[in-house]
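Trainee: I am new to this structure and should like to understand the terms used to describe it. May I put some questions to you?

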Amino acid sequence: MFIETVLARSLRMTYSGSIALSLGFLTLPVFAQQTSTESSVPQRIEITGSSIRRADAETPSPVQLISAEDLKKSGYTSVAQVLQNITANGQGTLSQGFSQAFAAGASGISLRGLTTSATLVLIDGHRMAPYPLADDAQRSFVDISNIPFDTVERIEILKDGASAIYGSDAMAGVVNIILKKSFIGTTASAEAGTSQAGGGETVHASVTHGWGDFNVDGYNAYGSIEYRHQDRITYNQRAGAGPWQRLDWSGIGGTNKTLGVPFSSNQPATYNSPYLSDPNNPYGPTTSAFYPGPCNYNLQQAGGCAYQSPLAELSPETQNVNILASFAKNLGSGWRLDVKGSLFESKAEQYPAGGLQYFPQAFNPIVAVSAGVLPHLVGTPISTITVPANYPGNTLGIPALLNGAIPNAPIPNTQLDSKAYRLVADVTGTLGEWDISSSLGYTKIDTTQNVYGSINIPAFNDAINRVSNPYLPVGPISAADAATLFPSTSARDTSKLEFAELHATRTIMKLQGGDMGISFGGSYIRRELSSPAPTLVAQGIVNGNNAYASGKQTNTSVYSEIVAPVFKSLEIDGAVRLDHFDNAGNSTTPKVGFKYTPSESFALRGTYSTGFRAPNSAESGQSGTAFLAGTGNDPVLCSQGVQANGNPYAGEVISACNYQAVTLAAANPKLQPEKSKSATLGVILEPIKGWSTTVDLYRIEIDNQIISGAPDGDAVRAPTPVQTLCADGNGGSYPCTPTVGVILYTPNTYINANSTKTSGVELDTRYKFKLGDYGDLTTDLNWSHTMSYILTTGGVAYQLAGTHGPFVVGGDTGNPKDRVQATFTWDKGGLQVTTAFNYIGGYSLTDPSFGYDTCAKGGAANGWFPTGNIPSQYCQVKSFLDTDVTVRYKFDKHLTLHASVTNLFNAQPPLDFNTYGGGQLPFNPSLHLAGAIGRFFNVGLNYTF
């Protein structure tokens, strides 16, 4: 009702206010144009989405502008934080708070909820090498957490299909991050912040120095260095913060997921208290033996051995160091050279929610995957890993199982260091009647993964069964055992992108409405990816993220654009682009648009375009990804499944019941590009100067979407059945040898299959109130509403707007219909106060595209209410409102003080029982991380010399 009320009130303003209907988002409002057009000779500028410079900043395509001033007023200290909050960012967005992401350490933006791969991110209008670790091991994207903050001049967000101008990937829109073109003088800034509840301490500092006035000296050069460090926030630092931290839902029919508590299993793991158990008899006080520690059998059964991994993270520790050098030179005769070189380094970490290494009790061969080698099995199966009867501490008198977290094992974690290298040269000038722009660029992302805390299970089995000096589960561990049993491993992943571009623009004739401009251009882009799995994972020695991808791709293109101001009131634009990919063939993408302005207070505009996304190396090169695809029962070895009490039926192979199914996805060189159609239509009214209100409609359809297909063949089983444990039906077990080997993985490949159609409405209203002696108040309301989001898969169309679907994208993000950002800035003298309200609408637990067509199935999806008896009040993930306040005071032209509080009212994240993005907790970090962080304070100074 909130959204409907806002819309209704806005519509009632039409006769005295201003309103617009447009597909897209008009983000360069008219009052801003007045400031830039006060001079008698308007400056011609180039706007994202067009190659032709113009005096009028309003094009037929909707463009949102975020200025450097807006970044400072946000209260945040990174570009990723600001972009995550824009209202057009939706389903499929990726945040660093998702600790299980394949693209570890990175953040990505998903315009219109069409995933990170449909949004093109540019720097200064040029492409950047994508992050070498793909989103869900498939989708290529630019990491927005590895972008400088203090050298950004503005960010232009084109919310319209733009493949006709930019080529592949721009189906949902473009985010163009524009860095400062020149700088004179010196500015230094420093700030620090912390969360009220603890953790997340942040320091951010930068220095920028520039010299040379381009218009006077014929050159300008500047350099900038920026540092940002943010500490981690762990689960333990938010313990008891709210219902989203609650793990025990057994009181209302759910599961108790508290580690160490005997709810779903009568033999839970322990922490710092390993114990032995009889593998052949039901668990009990006489069939177990605890080592000395804080836990024992009676305390365990009473629920007194609960624990949490000490480093399970809500928000990771991150660090950024950004170094940028810029040089601009007047070459004479109207020609200019601009060169920028930079190194942006981003460090991050992943501590999974489960967070500890546990004693292994069996070993199945590992599926080893690497480039140029067919998936294969490594290792000899071990049906039961037990210690000998005479093992120290074994009072059971028989070979026994070890249980619990391994006290002297390192906590599993991945440390990531990503360096982004960029060198780009632009030469612009005039040749006869033509304005020429040419560019050469080299970009490279070099990401190092260091993985700690893995376990070599066969070596562990050997160590506990050594005749002399066996490895012991308590006490210190020798350096030799630590290196052998818990080895570290690493991978170096690189992504390169090189480009050359040339385009020429000129006026070809004078029309009634002005100059008719035309542009021709061409580009060459070469991509190269090398993303191996960590060494020991690729060799099959330890389990881990064994995704790999490698390949090369070249893209040549030519394109043309025309802008025809037929009358003073009518402009018609058109563009067409022809692309050739060496791995995906040819693509032709046209675009047309118009803007009709019969009066100063009224304009009508619209666009229609097609777009495409070429398959990337992870999809069509050499790649393989073994990933967990939920739990299930082996149809042969656990044909009856499990009883209501959780025990397998008699005769079933225990390890084959409710096991983690593994799917092995592989590249497909026969993939075709994804294709899109998008349309916008809009009206702009401004009867009162300075008040611009727009309501923008959009519709996007993407066909031929690339997804993991159905299994291509039978499940691959271990070649030889080995002795294992079968259930006796009463919670006990006995040794047995099944007739076939266990399932190792199910193969499949990427295919062109799905389609998505989405449509929506976006509102932007802006006004500056002159309050006289009380200063000025600038208001800005942005609202994005998804009217429809239809995913067609397997020939069936599913409406997913306002649901949790699609489940398989971006950490199960959720698909809210509404996002609103309302900003109020009050200025008086040197004081400025900005208050921003960030609203995210609710959505249901259902995802009919994945079979979760009822609340009961959605509540059971992540195991919180496995029997489907979830209370009705949890069927809807509630809305979330985050309020941020920033205060800035300018003492003089040199010194500015600023302070901010984000999540001012300490709003808690809503409960979400379907998402797996929150790890062990029932909340959604992709949308509601601000709530988990809580109230956050930041204060800093800026000094200009």
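**Disulfides, cavities and one tryptophan**

Mentor: Let us begin with a pair of cysteines: Cys638 is buried, and Cys657 is buried too; buried means under 20% relative accessible area, exposed over 50%, and partly exposed in between (1.4 Å probe, protein chains only). Please note that this is a predicted model, in which local features need pLDDT of at least 70, side-chain atom pairs count only at pLDDT 80 or more, and totals for chains, interfaces and linings use all residues. Residues are numbered from 1 along each chain as its sequence is written, and side-chain values use heavy atoms, with hydrogens and water left out.

Trainee: What makes the link of Cys638 to Cys657 a disulfide?

Mentor: A disulfide is a pair of cysteine sulfur atoms within 2.5 Å. The S to S distance of Cys638 and Cys657 is 2.0 Å, so the pair meets the definition.

Trainee: Why is this disulfide of Cys638 and Cys657 called right-handed?

Mentor: The torsion about its S-S bond is about 105°, so the disulfide of Cys638 and Cys657 is right-handed. Both cysteines lie in the loop between strand 27 (622-632) and strand 28 (659-666), so the disulfide ties together parts that are 19 residues apart in sequence. Helices (H or I, at least four residues) and strands (E, at least two) are DSSP runs, numbered from the N terminus.

Trainee: How many disulfides are there by this rule?

Mentor: The count comes to 4 disulfides, and with bonded cysteines counted along the chain they follow the pattern 1-2, 3-4, 5-6, 7-8. Among them is the link of Cys726 and Cys736, whose sulfur atoms are 1.9 Å apart. With 80° about the S-S bond, the link of Cys726 and Cys736 is right-handed. Cys726 belongs to strand 32 and Cys736 to strand 33, so this disulfide ties together parts 10 residues apart in sequence.

Trainee: Why is Trp434 called partly exposed?

Mentor: The relative accessible area of Trp434 is 26%, so the residue falls between the limits for buried and exposed. Trp434 is found in strand 20 (residues 434-452).

Trainee: Which residues is Trp434 in contact with, leaving aside its neighbours within four places in sequence?

Mentor: They are Gly429, Ala504, Thr505, Arg506, Ile518 and Phe520, where contact means heavy atoms within 4.5 Å.

Trainee: How many cavities of 30 Å³ or more are found in the whole structure?

Mentor: The search finds 12. On a 1 Å grid over the protein atoms alone, a cavity is a set of points where a 1.4 Å probe fits but cannot get out, and lining residues have an atom within 4 Å of a point. The largest cavity has a volume of about 750 Å³, a volume being the space filled by probe spheres set on the points, which are joined across faces, edges and corners.

Trainee: What lines the largest cavity?

Mentor: Its lining has 42 residues, of which Tyr76, Gln81, Leu929, Ala930 and Ile933 lie nearest its centre. Helix 13 gives the most to this lining, with 7 residues. By class, the lining of the largest cavity has 12 nonpolar, 26 polar and 4 charged residues. Here Ala, Val, Leu, Ile, Met, Phe, Trp, Tyr, Cys and Pro count as nonpolar, Asp, Glu, Lys and Arg as charged, and the others, Gly among them, as polar.

Conventions: 1 Å grid on protein atoms, 1.4 Å probe; cavity = no way out; pocket = protein on both sides within 12 Å on 5 of 7 lines; lining within 4 Å.
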